[in-house]
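Here is a short, friendly tour of one sheet and its cysteines. Have a look at the model first, then read on.

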Amino acid sequence: QVHLVESGGGLVQAGGSLRLSCAASARPFTRYAMGWCRQAPGKEREFVVAISWSGSNTNYADSVKGRFTISRDNAKNTVHLQMNSLKPEDTAVYYCAAGDSGTNDYTPRHLGDFDSWGQGTQVTVSS
């Protein structure tokens, strides 16, 4: 299990930007693919984006392509999600997630690819 702590959520107007951060206790951090998922009120949790341990590969949900960017800093055990051009439908609790990839540089595509979850941070986009 990896301990994950998210930060950076908040309230923003449509068209605005937010940057989420996640600090991970994983050792070594480079064993884990990382990602973000979200859950809107009354809806199931959904995959948003993931990045391989090396940072070379990423996967984005179609709904956020071109607007969200994931990055990771392996020296600081952190992963970030830059969210631009936010829409009201992006309103959700955002969860940082980690998936044990061993020595493989794979990139998660589904919720089931992750082993550990943070507590979540609320993102609210007003119209």
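## Strand 3 and its neighbours

Let us start in the middle of things: strand 3 and strand 8 (residues 78-83) run antiparallel and are joined by 6 bridges. Strands here are DSSP runs of E with at least two residues, numbered from the N terminus, and two strands pair if DSSP finds at least two bridges between them. Across this pairing, Leu18 stands opposite Met83 in strand 8.

Strand 3 also pairs with strand 1 (residues 4-7), again antiparallel, through 4 bridges. Here Glu6 has Cys22 of strand 3 as its bridge partner. Strand 3 itself covers residues 18-24, and 5 of its 7 residues are buried (buried means under 20% relative accessible area, with exposed over 50% and partly exposed in between, for a 1.4 Å probe and protein chains only).

A word on the source: this is a predicted model, in which local features need pLDDT of at least 70 and side-chain atom pairs count only at pLDDT 80 or more, while totals for chains, interfaces and linings use all residues. Residues are numbered from 1 along each chain as its sequence is written, and side-chain values use heavy atoms, with hydrogens and water left out.

## The sheet as a whole

Put together, these pairings belong to an open sheet of 4 strands in the order 1-3-8-7, with antiparallel pairing. Strand 1 and strand 7 (68-73) form the edges; each has a single partner strand, so one side of each lacks a neighbour in the sheet. Direction ignored, neighbouring strands of this sheet are turned by 15 degrees against each other on average, using axes that are lines fitted to C-alpha atoms (angles run from 0 to 180 degrees between N-to-C directions).

## The disulfide and a free cysteine

Which cysteines form a disulfide? Cys22 and Cys96 do, with their sulfur atoms 2.1 Å apart; the rule asks for a pair of cysteine sulfur atoms within 2.5 Å, and the count comes to 1 disulfide. The link of Cys22 and Cys96 is left-handed, with -85 degrees about the S-S bond. Cys22 sits in strand 3 and Cys96 in strand 9 (residues 92-100), so the pair ties together parts that are 74 residues apart in sequence.

Both ends are covered: Cys22 counts as buried at 1% relative accessibility, and Cys96 counts as buried at 0%. Cys37, by contrast, is in no disulfide, and the nearest cysteine sulfur, that of Cys96, is 9.2 Å away. Cys37 is buried too, with a relative accessible area of 0%.
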